[in-house]
Amino acid sequence: MKKVLHSSLIACAAALPFVASALTPAEHLEWLKANQSAEPQFVDGDVITFDKAELVRAFIPVEFQEEWLFDGMEMTIKDAGDIKPAQVYLDATERHAGEATIASDGAIENYAAGRPFDPADFTPGADSGWKMTWNWNYRWQNDGLSVGEVHWVWVRKGGDHAGHEVMNDTYSQFYEGGGTFERVLSGPYKRFLMAHNAKHADTNYQVNGGKGFAKNTEFREYTGFTAPFDIAGTAFLILRYDDPRKADDSWAYIPSLRRVRRISVEVKSDSLLGTDHTLEDFYGFNGRPMEHDWEYVGSARILVVARSRNAHTVYYGPNGWAVKDDYALRLVDVMRQIPKSDSHPYSEKFIYVDRATGESYYANAFDKGGKLWKVWQLTKLWSEDPQAQEQEGNFNGLVTPDGTNFQLFQSINVVDKQNDRGTLVPCRGIAADDTTLKRAKRLLDVNYLTEGR
């Protein structure tokens, strides 16, 4: 039977006509508190249209409500089912339960593989905050992620994009609705996990036994751009060390300079080639945990695209940055990221992570004045579904092996609430592929950045 919303939640919702960019962290926490007592008035299979928007408002973070709830909206409620990680990861979690510890500076110690800490034991505060961020860092990822084609679409609020060059036979089916497209970047992406990889139990969870190319390395990550012409060839390579206290090695190749240059920590929190994303924002958070302080805020239930019905993200809505898909009500844990550096652009950021899978669905960030700046939606594609298999061979997609049990990174979409613009980042040709060391060397060596230039 459908249940009635708790009276305090109705009061909260009624009091929320707001200017989104003026929202503060305290007001976000007020919404989170109200969410605790909310009871869903919807059931599996319901299609929520604008006249029924109040049925779902309590389960959409307050900063995102004006982006998702609009005249013409269509949100299908669909339970995500069983999407727990692969058995090899669950086995590693059980085998090493209770071994990992947190040092006085927040670094993880005595960790082998699997999920380091049980989120059911988390309590608000810094101690559980560090545990949650290390759970996030070491979530199930198979060997990492490959994306054949990433689009970075700059969208300005208002207008339309019907005449933009991207609206051709290949892509027009993905970009419905309004919004003015100002620029579209594209290129491949690759991340290869080398340490604490649950698939390599026989070599101490290290690829190649932690020798050679994999020595002292947690992962390597490549982000490249092939279009438009003025940035074609630009590429970034990050080497994350297994030592949590050691800073990354990071490089960029800038074609106009015809050289590879090391990049600093600060660059990873700067705007990426003019988009509303940073290298650190990818996945929800992709930086070094030790460069921030962390707090566990609590749990929530929110509506998210946990198991997309589409092979590729479909955008719609008045500004073209809402996602038309199935939405599941998921239990998530919430952590607060507080940068240690005064030069970091954010004062704080909240990140929402699935309790079962460890993947992020939503985040928001506040400026130095404590006002809302950006909001992110992340959508997922379940590796065992047919639409995930459609990735193989399309948009340069590789093979995700059967039984990988992984939420593929389908898209990450950010809205700059202060400047009425967004950057959509749909990923096509996505795979959690089995990566050989030989192929990783070919793709993820610093010398590859200049190849063919």
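1. Asparagine 310 touches Lys324, Asp325, Leu381, Gln387 and Gln410, leaving out residues up to four places away in sequence. The model is a predicted one. Asparagine 310 sits in the loop between β11 (292-304) and β12 (315-316). Its relative accessible area is 16%, so asparagine 310 is buried, the cut-off being under 20%. One of the contact partners also takes part in a polar contact: the side chain of asparagine 310 reaches the backbone oxygen of lysine 324 at 3.2 Å.

2. Aspartate 354 belongs to strand β15 (residues 348-354). Aspartate 354 counts as buried, at 2% relative accessibility. What does its side chain reach? A polar contact of 2.8 Å joins it to the side chain of arginine 330. The side chain of aspartate 354 also reaches the backbone nitrogen of threonine 357, at 3.1 Å. Beyond four places in sequence, aspartate 354 is in contact with Arg330, Leu331, Val332, Glu359 and Tyr361.

3. Now the aromatic rings. The count comes to 24 aromatic pairs. Tryptophan 68 and tyrosine 327 form an edge-to-face pair, 5.4 Å centre to centre with 65° between the planes. Tryptophan 68 is in helix α3 (residues 65-68) and tyrosine 327 is in strand β14 (residues 326-339), so the pair ties together parts that are 259 residues apart in sequence. Tryptophan 68 is buried, at 7% relative accessibility. Tyrosine 327 is buried as well, at 2%.

4. One aromatic cluster is formed by Trp152, Tyr189, Phe225, Phe282, Tyr283 and Phe409. Tyrosine 283, a member of this cluster, also has a charge over its ring: the charged end of arginine 139 sits there, 5.2 Å from the ring centre. Elsewhere, lysine 374 lies over the face of tryptophan 373, at 4.7 Å from the ring centre.

5. Next, the cavities. The structure holds 13 cavities of 30 Å³ or more. The largest has a volume of about 70 Å³. Which residues line the largest cavity? The lining consists of Tyr89, Tyr111, Gly114, Tyr138, Arg139, Trp140, Gln141, Asn142, Leu193, His196, Asn197 and Ala198. Arginine 139 thus appears in two places: it lines the largest cavity, and its charged end sits over the ring of tyrosine 283.

6. Threonine 278 is placed in the loop between β10 (259-262) and β11. Is threonine 278 buried or exposed? Threonine 278 is buried, at 5% relative accessibility. Its side chain makes a polar contact with the side chain of aspartate 281, at 3.0 Å. Leaving aside neighbours within four places in sequence, threonine 278 is in contact with Lys268, Ser269, Asp270, Ser271, Leu272, Tyr346 and Lys374. Lysine 374, listed among these contacts, is the residue that lies over the face of tryptophan 373. Threonine 278 and glutamate 182 are 96 residues apart in sequence, with 18 Å from C-alpha to C-alpha.

7. Glycine 106 is in the loop between β3 (101-102) and β4 (108-109). Glycine 106 is buried, with a relative accessible area of 2%. Its contacts, not counting neighbours within four places in sequence, are Trp130, Trp134 and Met290. Glycine 106 and threonine 133 are 27 residues apart along the chain, and their C-alpha atoms are separated by 9.8 Å.

8. Some backbone geometry deserves a look. Most residues other than glycine have a negative phi, and most peptide bonds are trans. The peptide bond from alanine 227 to proline 228 is cis, with omega near 0°. Proline 228 is in the loop between β7 (217-224) and β8 (235-241).

9. Where are the residues with a positive phi? Asparagine 110 has phi near 60°, a positive value in a residue other than glycine. Asparagine 110 is in the loop between β4 and α5 (126-137). Asparagine 110 is exposed, with a relative accessible area of 54%. Arginine 258 is not a glycine either, and its phi is positive at about 55°. Arginine 258 lies in the loop between β9 (249-254) and β10. Arginine 258 counts as exposed, at 67% relative accessibility.

Note on methods:
Residues are numbered from 1 along each chain as its sequence is written. This is a predicted model: local features need pLDDT of at least 70, side-chain atom pairs count only at pLDDT 80 or more; totals for chains, interfaces and linings use all residues. Side-chain values use heavy atoms; hydrogens and water are left out. Helices (H or I, at least four residues) and strands (E, at least two) are DSSP runs, numbered from the N terminus. Buried means under 20% relative accessible area, exposed over 50%, partly exposed in between (1.4 Å probe, protein chains only). A polar contact is a pair of N or O atoms within 3.5 Å; within protein, one must be able to donate a hydrogen and the other to accept it, and residues adjacent in sequence count only if both atoms are side-chain atoms. Contact means heavy atoms within 4.5 Å. Rings of Phe, Tyr and Trp (its six-membered ring) pair if their centres lie within 6.5 Å; planes under 30 degrees apart count as stacked, over 60 as edge-to-face and the rest as tilted. A charge sits over a ring if NZ of Lys or CZ of Arg is within 6 Å of the ring centre and within 35 degrees of the ring normal. On a 1 Å grid over the protein atoms alone, a cavity is a set of points where a 1.4 Å probe fits but cannot get out, and a pocket is an open set with protein on both sides within 12 Å along at least five of seven lines; lining residues have an atom within 4 Å of a point. Grid points are joined across faces, edges and corners, and a volume is the space filled by probe spheres set on the points.
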